[in-house]
Structures are given as structure tokens and as C-alpha cells.
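The following paragraphs lead through one protein model, from its helices and strands to its cores and aromatic rings. Please keep the sequence and the coordinates at hand while reading.

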Amino acid sequence: MRRFELIAPCHFGMEAVLKREITDLGYDITDVADGRVTFFGDEEALCRGNIFLRTAERILIKAGSFRAESFEELFQGTKAIPWEEYIPENGKFWVAKAASVKSKLFSPSDIQSVMKKAMVERLGQHYGKTWFQEDGESFPVRVFLMKDEVTVGLDSTGESLHKRGYRKLAAKAPIAENLAAALIMLTPWNKDRILVDPFCGSGTIPIEAAMMAAGIAPGMNRRFTAGDWPHIVSPGKWEDALEEAREMVDLSVTPDIQGYDIDEQVIAVARQNARLAGVEGLIHFQRRDVADLSHSRKYGFIITNPPYGERMQEREELPALYSSLGERFRALDSWSLYLITSFEETERYIGRKADKNRKLYNGMIRTYYYQFSGPRPPKVRKSHAEEAGPEGENKI
């Protein structure tokens, strides 16, 4: 079976979470850099990575890497890549995105243009032609330049993996689905613990939590660009991965996941999105002000993406809003609070210094993930009957 070096980009600051996901899928990590994790895998790994990874942006097949300090070196390095192994004669190919950091070549449009010309020349020599119809399947290419080191990847995903297919409607300032999943995975929450999002908006955080609780793979209900590359990935591998995903789904779980918002129309959007995600019955949404946040049980989690105050009018309301959240948090005995925000006075108005604080980027906005940890719940002691084996025999 064909083996690849696969690149999985992610949000800056979430590399460790993605690395753990990939390792849990059973693959060997080869490199971890800012905003991406690289690992070895075969056709099956490419399919499973696209379908199962919750925190990745996409899965790229690493086509090549080289050093380039000039456009001539970029051209020759790109031309040296065996593109004919990936792109058929009628394939549609282009450099979809170029990113450059601390490199002599920094213009994305110029990088894209030079690389396209090099690909045309390489494929032209192989197929014996100077012009391509490009009316076949799509083969988008992405390139990263870091300190003049060029890494070229073929995009197997297409639309970003954060687009699970359930968020047809969105409230203002929604959080990306893969970032929401990563925020949850940075906490000790599991399906047996309570989760409340008092600023749920489109419902993304509760929906991602419910999908985790029910074992629903994030990519099982969408298409991928590589699904149209039978010469690279056998169609049977996609079906095998989907069958694995279907077998993991368990909608009999009964998690306590709640989403609140002050806007009734926003709550209607969240319910519709949960319905499309197949987890409507696993989440309780309701219109509720953060000032009314309460719960009778202990050891719960508040995981939320509150307003940041990007608009002047909202900014004036933030102190009262965060003070109210802090007051309700203190009233919830033994709970933990995790929130992502760019509001710099968060700790002051929550009324407590965070136990941990992680810098992240939500889109282009620099934010911080404040983690206010509560105590761990006591371990439940097994009864004598549970500790005993069959017919009362003690387990060894």
C-alpha cells in the first residue's frame, strides 16, 4: 500500500492537541511546527485523518520540500517534484494558498504564479504538451515558506475540516468547529460530566461536545477532494473508514450538555444546527441570561466563547457581563470555568486569577484561553459485589 508523509495544519497553539489525536489514531508523528503536525501514513491514514480528526484544518500529502531564496530556486525546486505521480493529464491544478514567514520570498501571488509555471513545465514534459485543458478533477496545492525552507502539499480535503456540514446557519462571531473541539479537549471534561455554555450562540461548543459524547466522527457526513482521486486513494479505503465511523456512533448516551443564550432567535439557530448534526436529543438549549446561570449538581464545566467587545458598544458592556459570569461561577460549588476571549481584564472581572492561560488565535484575533480549575470529583468506591468476580469470587 502506498505510504505518504501527511501534513495536518491546525490553529496556532493547538499543535499538542492535534498531535495527541493523531497518535491516538495510531500514526507516528514526524514533525511538530507552529500551526501544523506531520505524520506518516498510508491511504487508510489519509481517509481516517480527514474523517476522524476533530482539531485539524485539512490533510495535505507532502509532495516535496526544498530551500529557495530566489524565484529561480523556487521554480526549479517545484519542477523537481514528480507531479505526474499525482496529477493526471486532464487534472485541474493550482496553488490555492502560499504562506511565507521570515523568508526572502514573501509575495503570495508571485510564489503562486512561479510554482504554477513550474508545474506546467514538469507536466508538459511528461505528457508531451504545452497547454492543459484542466477540465478534470481538482488538485489544489498549498505551500509554506519558513526561513526559506519550502514545504509543498497536495490538499486532500478541499473545504476546511472545520466545516462539518451541520452549521448551515450561524449567529454573529461564531467560533470555528475545530477550535471549539480543541477547547473542549484541553479540559478534563468527558461525557459523564456536566457541560454548560452560557453564551452558546450557534451552539458550536455544545454540539461538538455532544458529537464527542456520541462518538460521531466530525467528517463522516461530508465530501473530500481526494474522494475523486482513485489513482491515489482507493474508493474502498474511504468506505472502510466510513464504516469504522458508523460503528462508533452511540446515540444511547445521556450526557448533561446545556447551551444558553439571551437571544431566542439565536437559540433557534443552535437547535437547527444540533438537528443537522444528529445530536439534537443530547443537548438542552434554552433562552437564559448569564445572570441566571445555575445548576444543582457539582463538578460541572463551563466552556464558553463570550463576547470580546470588538465593537465599541459591546466593549462598554463587558465589565458587567464578565462580573456576572464570575459571580455565577463562584456560586457553582466545585465547578471549572474555561473561556476564550480577547478581553484583557477577564481575570479582574471574573474575580480570580486563572490557573492556566493559553494564547490562541480565533481567526485573526489574538485571544487567551483562561482556565479556572475546580476540584476533582471524589472517586466512586466500588461495592463489595462489584469487586467480586462471578458467583462472588474475588477478582485477582
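Against which elements do the buried residues of H3 pack? The model under discussion is predicted, and in it the buried residues of H3 pack against strand E4 (60–67), H4 and E7. Helix H3 covers residues 71–79, and its buried members are Leu-74, Phe-75, Gly-77, Thr-78 and Lys-79.

The wider setting of this helix is as follows. The protein chain contains 11 helices and 14 strands. Its C-alpha trace extends over about 75 × 65 × 40 Å along the principal axes. Of the 396 residues in the chain, 51% count as buried. Among contacts with a separation of 6 or more, 76% are made by residues 24 or more positions apart.

One of the buried residues of H3, Thr-78, also appears among the contacts of Trp-83. With neighbours within four places in sequence left aside, Trp-83 is in contact with Ala-63, Thr-78, Met-119, Arg-122, Leu-123, Val-141 and Val-152. Trp-83 belongs to the largest nonpolar core, which has 96 residues, and it is listed there with Val-152 and Val-279 as the residues with the most contacts inside that core. A second core, separate from this one, has 21 residues and includes Ile-194, Leu-318, Leu-332 and Ile-350.

The strands E5, E6 and E7 can be followed in order. Strand E6 (residues 138–146) is mostly covered, with 7 of its 9 residues buried. On one side of the account stands strand E5 (residues 92–101), which pairs with E6 in the parallel sense over 9 bridges. Within this pairing, Ser-100 has Leu-145 of E6 as its bridge partner. Between E5 and E6 the chain passes through helix H4 (residues 108–127), and the resulting β-α-β crossover is left-handed. Strand E7 (residues 149–155) runs antiparallel to E6, and 6 bridges join the two. Leu-145 takes part here as well, with Val-150 as its bridge partner in E7. The hairpin of E6 and E7 has 2 residues between the strands, and in this hairpin Lys-147 takes a positive phi near 50°.

Attention may now turn to the aromatic rings. A pair of aromatic rings is described by the distance of the centres and the angle of the planes. Over the whole structure, a search finds 12 aromatic pairs. In one of them, the ring centres of Tyr-27 and Phe-39 lie 6.0 Å apart and the planes stand at 35°, so this pair is tilted. Because Tyr-27 lies in the loop between helix H1 (15–25) and strand E2 (29–33), while Phe-39 lies in strand E3 (residues 36–42), the pair ties together parts that are 12 residues apart in sequence. Tyr-27 and Phe-39 are both buried.

How are the rings of Phe-224 and Trp-238 arranged? Their centres are 5.4 Å apart and their planes are at 10°; the pair is therefore stacked, since planes under 30 degrees apart count as stacked. This pair links distant parts of the chain, 14 residues apart: Phe-224 is in the loop between helix H6 (204–213) and helix H7 (235–248), and Trp-238 is in H7. Both Phe-224 and Trp-238 are buried.

Charged groups also meet aromatic rings in this model. The charged end of Lys-92 sits over the ring of Trp-94, at 5.4 Å from the ring centre. For Arg-288, the charged end sits over the ring of Tyr-260, at 4.5 Å from the centre.

A single aromatic cluster is formed by Phe-329, Tyr-368, Tyr-370 and Phe-372. Two of its members, Phe-329 and Phe-372, recur in the surroundings of Ser-336. Ser-336 is found in strand E12 (residues 336–341). With a relative accessibility of 5%, Ser-336 counts as buried. Neighbours within four places in sequence aside, Ser-336 is in contact with Gly-300, Phe-301, Ile-302, Phe-329, Phe-372, Ser-373 and Gly-374.

Is Ala-331 buried or partly exposed? Ala-331 counts as partly exposed because its relative accessibility is 48%, and buried would require a value under 20%. Ala-331 lies in helix H9 (residues 312–331). Its C-alpha atom is separated by 35 Å from that of His-162, a residue 169 positions away along the chain.

Methods:
Residues are numbered from 1 along each chain as its sequence is written. This is a predicted model: local features need pLDDT of at least 70, side-chain atom pairs count only at pLDDT 80 or more; totals for chains, interfaces and linings use all residues. Side-chain values use heavy atoms; hydrogens and water are left out. Rings of Phe, Tyr and Trp (its six-membered ring) pair if their centres lie within 6.5 Å; planes under 30 degrees apart count as stacked, over 60 as edge-to-face and the rest as tilted. Helices (H or I, at least four residues) and strands (E, at least two) are DSSP runs, numbered from the N terminus. Buried means under 20% relative accessible area, exposed over 50%, partly exposed in between (1.4 Å probe, protein chains only). A charge sits over a ring if NZ of Lys or CZ of Arg is within 6 Å of the ring centre and within 35 degrees of the ring normal. Two strands pair if DSSP finds at least two bridges between them. A crossover is right-handed if, with the strands pointing away from the viewer, the path from the first strand over the helix to the second runs clockwise. A nonpolar core is a set of buried Ala, Val, Leu, Ile, Met, Phe, Trp, Tyr and Cys residues joined through side-chain atoms within 4.5 Å. Contact means heavy atoms within 4.5 Å.
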